[in-house]
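Below is a walk through one protein chain, taken strand by strand and then on to its empty spaces. Please keep the structure in view while reading.

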Amino acid sequence: MLLDSLIDKAAQERINTVAVAAAEDIEVIEAVIAALEQNLAKFILFGDEEKIKSIIKEKHPNISDLNLIVVNADSIAAAAELAVKAVFNKEANVLMKGNIPTNIFLKAVLNKEHGLRTGNVLSHIAAFEVPGFNRFTIITDAAMNIAPDLEMKAQIIKNAVSVARSIGIEIPKVAPLAAVEVVNPAMQATLDAAALTVMNRRGQILDCIVDGPLGLDNAVSMLAAEHKGIHSDVAGNADILLVPTIEVGNVLYKSLIYFANAKVGAVIAGAKVPIVLTSRSDSAESKLYSIALAVCCATSK
């Protein structure tokens with residue numbers, strides 16, 4: 001299993017430390033305990049200390065781990081600030097969102113004094129294990145950037161390539177998606193895809209192969225690509241699917257989970273450290289896979 005092998009890879013890396021903001025959540029605690037059992041990382045849990053310890057005691061009464069520290073915070077905003085400061089001060093090298101609204105969490109991440117800005121675009125990168133496919137399917141960006149322009153898309157590709165390389169895909173194949181496979185001046189997604197392809201060929205986007213525009217079908221299916229007479233190194237074999245807007249990415253992301261029973265791990269890239277930013281509705285398993293992905297990314301930096 002692809003994502004299980006990712007857990008194995010993360011467990012073999014040097015020990016990393018994950019700072020969790022607002023950890024008072026059953027699914028978050030389940031993922032943290034599972035990660036501890038797999039020796040993926042150490043954890044500092046920030047939030048309501050009483051609630052966090054109560055959940056741990058209820059779910060795992062025998063847990064006694066030196067790699068788990070709980071730090072009290074008076075509010076979820078304070079928990080986010082403390083977790084970000086822990087990373088800023090190099091007490092941790094992975095940040096994780098717990099039971100806290102994304103806007104409050106990101107406000108702490110983007111704090112000008114002790115935040116995690118780098119000047120790069122922050123982007124969401126999801127590594128899917130899709131039934132019937134023997135490779136990772138990486139989708140970006142399904143959660144952060146609403147309608148990225150050409151420059152932002154180039155940075156999103158660079159972020160995704162960095163993540164792909166951290167999990168063993170040395171030269172990832174990138175498909176900028178659109179509704180059609182030809183350049184249409186009335187469709188901005190096709191213009192951007194063509195420009196990104198040229199930028200890659202001229203060395204402006206490195207360590208990958210970009211070819212587009214491509215439809216979803218001929219990006220992932222060799223048969224579909226052959227039927228449409230599309231011949232390229234990417235068609236039918238794409239590792240990274242670059243979506244044109246957040247709506248496309250979000251629907252594709254959720255379709256794979258709910259219609260295809262796909263499994264996923266996801267991170268935010270572009271900050272000083274990898275950020276685990278899962279939905280509060282995501283399962284403990286998905287959160288565990290996301291921790292493993294973030295640990296692989298942190299180790300490769």
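In strand β4, Val94 and Met96 point one way while Leu95 and Lys97 point the other way, and all of these residues are buried. The model is a predicted one, and the positions described here are read from that prediction.

Strand β4 has partners to follow. Strand β1, made of residues 16-21, runs parallel to β4 and is joined to β4 by four bridges. Within this pairing, Val18 has Val94 of β4 as its bridge partner. Strand β11, residues 275-276, also runs parallel to β4, and here two bridges make the link. Leu95 is matched with Ile275, its bridge partner in β11. Val94 and Leu95, which take part in these two pairings, point in opposite directions from β4.

Just before β4 comes Asn93, which sits in the loop between α4 (76-88) and β4 (94-97). What does the side chain of Asn93 join through a polar contact of 2.6 Å? The partner is the side chain of Asn16. Residue 16 is also where the range of strand β1 begins. Asn93 has further contacts beyond its neighbours within four places in sequence: besides Asn16, these are Arg14, Thr17, Val273, Pro274 and Ala298.

A second group of strands centres on β6, residues 137-140. Both faces of β6 are covered, with Thr137 and Ile139 buried on one side and Ile138 and Thr140 buried on the other. Three bridges join β6 to β5, and these two strands run antiparallel. Strand β9, residues 240-242, pairs with β6 over three bridges as well, but in the parallel sense. On the β5 side, Phe128 stands opposite Thr137; on the β9 side, Ile138 stands opposite Ile240.

Thr137 belongs to strand β6. Why does Thr137 count as buried? Its relative accessible area is 7%, and the cut-off for buried is under 20%. Leaving out neighbours within four places in sequence, the residues in contact with Thr137 are Ala126, Ala127, Phe128, Val130, Asp239 and Leu241.

Phe128 leads from this group of strands to a helix. The structure holds one aromatic pair. It is formed by Phe128 and Tyr253, whose ring centres are 5.1 Å apart and whose planes meet at 75 degrees, so the pair is edge-to-face. The pair links distant parts of the chain, since Phe128 lies in strand β5 (residues 123-129) and Tyr253 in helix α10 (residues 246-258), 125 residues apart. Phe128 counts as buried because its relative accessibility is 0%. Tyr253, at 10% relative accessibility, counts as buried too.

Tyr253 also appears at a pocket. The largest pocket has a volume of about 560 Å³. Its lining is made of 27 residues, and those nearest the centre are Tyr253, Thr278, Ser279, Ser281 and Asp282. Which element supplies the largest share of this lining? Helix α10 does, with five residues. At least two lining residues each come from α5 (102-109), α10, β10 (263-269) and α11 (284-300).

Apart from this open pocket, there is an enclosed space. The structure holds one cavity of 30 Å³ or more, and the volume of the largest cavity is about 40 Å³. Its lining consists of Lys153, Pro176, Leu177, Ala189, Asp192, Ala193, Leu196, Leu242, Val243 and Pro244. Helix α7, residues 188-201, contributes the most to that lining, with four residues. Leu242 is one of the lining residues, and residue 242 is where the range of strand β9 ends.

From α7 the chain leads on to Ile205, in the loop between α7 and β8 (209-210). Is Ile205 buried or exposed? With a relative accessible area of 1%, Ile205 is buried. Not counting residues up to four places away in sequence, Ile205 touches Ala154, Ile157, Lys158, Leu196, Met199 and Asn200. Leu196 in this list is also one of the residues that line the largest cavity. Ile205 and Val161 lie 44 residues apart in sequence, and the distance between their C-alpha atoms is 9.6 Å.

Definitions and conventions:
Residues numbered from 1 in each chain as written. Predicted model: local features only at pLDDT ≥ 70, side-chain atom pairs only at ≥ 80, totals over all residues. Heavy atoms only, no water. Phe/Tyr/Trp six-rings, centres within 6.5 Å; stacked < 30°, edge-to-face > 60°. Buried < 20%, exposed > 50% of the residue type's maximum accessible area, 1.4 Å probe, protein only. Polar contact = N/O pair within 3.5 Å; in protein donor to acceptor, adjacent residues only side chain to side chain. Contact = heavy atoms within 4.5 Å. Pairing = 2+ DSSP bridges. 1 Å grid on protein atoms, 1.4 Å probe; cavity = no way out; pocket = protein on both sides within 12 Å on 5 of 7 lines; lining within 4 Å. Points joined across faces, edges and corners; volume = space filled by probe spheres on them.
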